[in-house]
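Work through the exercises below with the structure open. Try each task before reading its solution.

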Amino acid sequence: MSIDYNQTIPNNVDLATDRSLQRALEQWQPGFIDWWRELGPVGSQGHEVYLRTAVSVDPGGWAHFDYVKMPEYRWGIFLNPPAADPKIHFGEHKGQPVWNEVPGEHRANLRRIIVAQGDTEPASVEQQRHLGLTAPSQYDLRNLYQVNVEEGRHLWAMVYLLHRHFGRDGREEADAMLHRHAGDPNNPRILGAFNEKTPDWLSLYMFTYFTDRDGKFQLSALAESGFDPLARTTKFMLTEEAHHMFVGESGVSRTIQRTCEVMKASGVDAADKLRALGVIDLETIQRYLNFHYSVTIDLFGADQSSNAATFYSAGLKGRYGETKLDDDHVLKDATYPILEVANGRIAEKQVSALSSINERLRDDYIRDSVAGVERWNRVIEKSGIPFRLQVPHKAFNRKIGSFAAARVSPDGRIVSEAEWNAGVGNWLPSDEDRAFVASLMGRVVEPGKFANWIAPPAVGINRQPASFEYVRFG
Ligand code: BYC
Ligand code: FE
Ligand code: FE
């Protein structure tokens, strides 16, 4: 399973032995590079960036760090090795051997899942393309670029599956990945959150904390798939994903830390006065959190979904940690609690577990998200400041699922349109909040220097110091 770097497309799938596939992917490759140059990070083409590149799929030592010009990054196709005796472990095919080729009856659904996953990857690069111009430090700039090149590689992961397993339709879908664009009104990305803007670095950290974590959960569900090439490729993507969430968690944490330092040193706690001192007030951080959290939990789809039930029963997409769950892994008669609006209140009801697979994954995601918010709260607590961040109720600000039609406050009350309009300025970032955060975004390029609104990291990347030269500007 070693990676062959002598190829135009680095890979560990023996691409050289399948000449027509290799040729098709080599034809897609220049379009990808053109897309990167046009819609990838603005003004970055000449920079040498201290990036990690995958050199193996061995969890013990898969990454190599060196300076790379990003258009020359070695994007490639890396699958985890197959399991010793690979079996489908859920749904109607439970116990049967995994599929190495796409079963005809599941072709349309598998294609749909792979396309939805693939589409998010370049979308996020497009959303983040302007941020390099306002990076708060070289360290942060390098982390942004690392996330961007790896999202580019995640696109390669899905494009390989489309080319290898879906014939002409797959090639067309692979081309379409480079033609839909985040926020393009004529040809938008498929899922809602990937058409939002990521205009500033607080948004970036919230996005990588919350939305890349959707990636973790969706990829984990796909890593259970009975379609083994999908399972193996998503397993390796998950290895890369951990750093993306780290960028988000530590970025928000350092922002909070800096705000708390200034609050303590100045004795000031009113938002407007803190803003005058050049840091982001905790109330604004809470509103950004509310926005990114609610937009991201929409990505799990409707609370009850016949698609999701079919994906599960067919063995295409499992639950989070499927093999560790203690049940029959078929769920024919099982139930699961979901929320609904009943008599003007939010109430729980039991529904079929199969139909509520999306909701279950959303709940697993919520548990994981909340844990990091508690770690942020410990930073605030340590400073002795009486403020707590909280994730909003899961019905707040939803556009997908049974709450899409309801107005729900962050504390989970159904509210009137008037109450929503009166409260929304305290619940979601206002234009003024966004303008203030934007006003702090200035470019800091000297190694070891950090913008005033964010604390330096405790340690750098790959055991380098925070003051390391992470980017050589070109
Ligand atoms: N926006 O039956 P439902 C990542 C549509 S993030 C717009 O609930 P289903 C990353 C839906 O398509 C991980 N539309 O849908 C992170 C359907 O449309 P049609 C991405 C939406 O299929 C950061 C209709 O509503 N991976 O990797 O059960 C940076 C009915 O909905 C949305 C995946 O998502 C939405 N939010 O569930 C970079 C995994 N939600 O057919 C990367 C693959 C639903 O009625 N995707 N709709 O016209 C899937 O497994 C599923 O397609 C979904 C939706 C979970 C997304
Ligand atoms: Fe990704
Ligand atoms: Fe990611």
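The protein has twelve helices and five strands. The model is predicted.

**Exercise 1. Overall build**

Task: Decide whether the radius of gyration agrees or disagrees with that of a compact globule.

Solution.
- Start with the expectation. For 474 residues, a compact globule would have a radius of gyration near 23 Å.
- Compare. The protein has 23 Å, which agrees.
- Add the extents. The C-alpha trace spans about 65 × 60 × 45 Å along its principal axes.
- Check burial. Buried residues make up 45% of the 474 residues.
- Check the contacts. Among those with a separation of 6 or more, 69% link residues 24 or more positions apart.

**Exercise 2. The nonpolar core**

Task: Find which residues of the largest nonpolar core touch the most other members.

Solution.
- The core holds 104 residues, and Ile114, Val159 and Met206 touch the most other members.
- Helix α3, residues 138–165, gives the most to this core, with 14 residues.
- Now take valine 159. Set aside its neighbours within four places in sequence; its contacts are then Trp28, Gly118, Ala174 and Met177.

**Exercise 3. The ligand shell**

Task: State which residues come nearest to ligand 1, and which element gives the largest share of its shell.

Solution.
- There are 25 residues around ligand 1. Ser124, Gly215, Gly301, Ala302 and Ser305 come nearest.
- Three elements give two or more residues each: α2 (107–127), α5 (201–222) and α9 (306–313).
- Helix α2 has the largest share, with six residues.
- Sort the shell by character. It has eight nonpolar, eleven polar and six charged residues.

**Exercise 4. The open sheet**

Task: Give the strand order in the three-stranded sheet and explain why one side of each edge strand has no neighbour in the sheet.

Solution.
- The order is β2-β1-β5, with antiparallel pairing.
- β2 (63–69) and β5 (471–472) stand at the edges. Each has a single partner strand, so one side of each is left without a neighbour in the sheet.
- Look at β1, residues 48–54. Seven bridges join this strand to β2.
- Locate one pair across these strands: leucine 51 stands opposite aspartate 66 in β2.

**Exercise 5. The hairpin**

Task: Say how many residues lie between β3 and β4 in their hairpin.

Solution.
- β3 covers residues 335–342 and β4 covers 345–352. Eight bridges join them, and they run antiparallel.
- Two residues lie between the strands. One turn residue, asparagine 343, has a positive phi of about 50 degrees.
- For a register check, use glutamate 340. Its bridge partner in β4 is alanine 347.

**Exercise 6. Two positive phi values**

Task: Classify aspartate 14 and histidine 329 as buried, partly exposed or exposed.

Solution.
- Aspartate 14 is in the segment before α1 (19–39). Its phi is near 55 degrees.
- It has 10 other C-beta atoms within 10 Å. The limit for exposed is 12 or fewer, so aspartate 14 is exposed.
- Histidine 329 is in the loop between α9 and β3. Its phi is near 60 degrees.
- It has 19 other C-beta atoms within 10 Å, so histidine 329 is partly exposed.

**Exercise 7. A valine in a loop**

Task: Is valine 408 buried or exposed?

Solution.
- Place it. Valine 408 is in the loop between α10 (357–382) and α11 (417–427).
- Count. There are 22 C-beta neighbours inside 10 Å, so valine 408 counts as buried.
- List its contacts beyond four places in sequence. Among them are His393, Phe396, Phe403 and Ile414.
- Read one distance. The C-alpha atoms of valine 408 and proline 392 are separated by 9.8 Å, and these residues are 16 apart along the chain.

How values were computed: Residues are numbered from 1 along each chain as its sequence is written. Chains are lettered from A and ligands numbered from 1 in the order in which they are written. This is a predicted model: local features need pLDDT of at least 70, side-chain atom pairs count only at pLDDT 80 or more; totals for chains, interfaces and linings use all residues. A residue is near a molecule or strand if its C-beta atom, placed from the backbone, lies within 6 Å of it. Helices (H or I, at least four residues) and strands (E, at least two) are DSSP runs, numbered from the N terminus. Ala, Val, Leu, Ile, Met, Phe, Trp, Tyr, Cys and Pro count as nonpolar, Asp, Glu, Lys and Arg as charged, and the others, Gly among them, as polar. The radius of gyration is taken over C-alpha atoms; the globule rule is 2.2 Å times the number of residues to the power 0.38. A residue is buried if 20 or more other C-beta atoms lie within 10 Å of its own, exposed if 12 or fewer, and partly exposed in between; C-beta atoms are placed from the backbone. Two residues are in contact if their C-beta atoms, placed from the backbone, lie within 7 Å. A nonpolar core is a set of buried Ala, Val, Leu, Ile, Met, Phe, Trp, Tyr and Cys residues joined through C-beta atoms within 7 Å. Two strands pair if DSSP finds at least two bridges between them.
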